[in-house]
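Reader: Could you walk me through this structure, a few questions at a time? I would like to hear the reasoning as well as the results.

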Amino acid sequence: MTKKTVKVRGRTGTATMDLTIPAALSREYDIDQGDVFAIETAEDDDGRLVLEYTRVYAGD
């Protein structure tokens with residue numbers, strides 16, 4: 001799988017952050033607004049944060 005780079009964006013008035021899902025991945029995997037993802041965090045051997053998202057619900 002090709003590695004993609006995404007940028008974290010803040011939301012006005014909250015500490016919540018957004019990560020962008022590239023359009024090509026959204027189309028390939030039919031990801032849409034309303035989908036729900038579980039997130040797991042870990043650190044790799046170099047101490048870098050690893051985020052793993054698993055779709056648990058495909059919305060309308």
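Author: Happily, and please keep in mind that this is a predicted model. A good place to begin is Tyr29, which counts as partly exposed because its relative accessibility is 43%.

Reader: Thanks! Where is the place of Tyr29, and how far apart are the C-alpha atoms of Tyr29 and Lys4?

Author: Tyr29 sits in the loop between H1 and S3. Along the chain, Tyr29 and Lys4 are 25 residues apart. In space, the separation of their C-alpha atoms is 15 Å.

Reader: Is Asp30 buried or exposed?

Author: Asp30 also has its place in the loop between helix H1 (23–28) and S3. Exposed means over 50% relative accessible area. The value for Asp30 is 62%, so this residue is exposed.

Reader: What is the phi of Asp30?

Author: Most residues other than glycine have a negative phi. Asp30 is not a glycine, and yet its phi is positive, at about 55°.

Reader: What distance separates the C-alpha atoms of Asp30 and Ala58?

Author: These two residues are 28 residues apart along the chain. From C-alpha to C-alpha, Asp30 and Ala58 are separated by 8.9 Å.

Reader: Let's turn to strand S4. Why does Arg55 count as partly exposed, and how far apart in space are Arg55 and Ala38?

Author: Arg55 belongs to strand S4. Its relative accessible area is 32%, which lies between the limits of 20% and 50%, so Arg55 is partly exposed. Arg55 and Ala38 are 17 residues apart in sequence, and their C-alpha atoms are 6.4 Å apart in space.

Reader: What volume does the largest pocket have, and which residues are the closest to its centre?

Author: The volume of the largest pocket is about 1,200 Å³. Its lining has 26 residues. The closest to the centre are Val6, Leu19, Ile21, Leu51 and Tyr53.

Reader: Which element gives the most to the lining of the largest pocket?

Author: Two elements give two or more residues to this lining, namely strand S2 (17–19) and strand S4 (49–57). With five residues, the one that gives the most is S4.

Reader: How do the residues of that lining divide into nonpolar, polar and charged?

Author: The lining of the largest pocket includes Val6 and Leu19, and valine and leucine both count as nonpolar. Over the whole lining, the division is 14 nonpolar, four polar and eight charged.

Reader: Which residues make the nonpolar surface patch?

Author: This patch has an area of about 890 Å². S2, strand S3 (36–43) and S4 each give two or more residues to the patch, and S4 gives the most, with three residues. The residues that make the patch are Val6, Val8, Met17, Leu19, Ile21, Phe37, Ile39, Leu49, Leu51 and Tyr53.

Reader: Is Met17 buried or exposed?

Author: Met17 is part of strand S2 and is one of the residues that make the nonpolar patch. Its relative accessibility is 55%, over the 50% limit, so Met17 counts as exposed.

Reader: Now for the charged side chains. How many salt bridges does a search of the whole structure find?

Author: Side chains of opposite charge can pair when their charged atoms come close. Here the criterion is a side-chain nitrogen of Lys or Arg within 4 Å of a carboxyl oxygen of Asp or Glu. Searching the whole structure gives a count of four.

Reader: With which residue does Arg11 form a salt bridge?

Author: Arg11 is partly exposed because its relative accessible area is 46%. Its partner counts as partly exposed too, because the relative accessibility there is 29%. The closest N and O atoms of the pair are 3.0 Å apart, and the partner of Arg11 is Asp18.

Reader: Which residues are linked in a network of salt bridges?

Author: Arg48, exposed at 51% relative accessibility, forms a salt bridge with Asp44, with the closest N and O atoms 2.7 Å apart. Asp44 is partly exposed at 25%, whereas Asp46 is exposed at 61%. Asp46 and Arg48 also meet in a salt bridge, at 3.5 Å from N to O. The network therefore links Asp44, Asp46 and Arg48.

Note on methods. Residues numbered from 1 in each chain as written. Predicted model: local features only at pLDDT ≥ 70, side-chain atom pairs only at ≥ 80, totals over all residues. Heavy atoms only, no water. 1 Å grid on protein atoms, 1.4 Å probe; cavity = no way out; pocket = protein on both sides within 12 Å on 5 of 7 lines; lining within 4 Å. Points joined across faces, edges and corners; volume = space filled by probe spheres on them. Helix = DSSP H or I, 4+ residues; strand = E, 2+ residues; numbered from the N terminus. Patch = residues over 30% accessible without salt bridge, like charges linked within 9 Å, V, L, I, M, F, W, Y side chains within 5 Å. Areas by Shrake-Rupley, 256 points an atom, 1.4 Å probe, with all protein chains shown as cover. Buried < 20%, exposed > 50% of the residue type's maximum accessible area, 1.4 Å probe, protein only.
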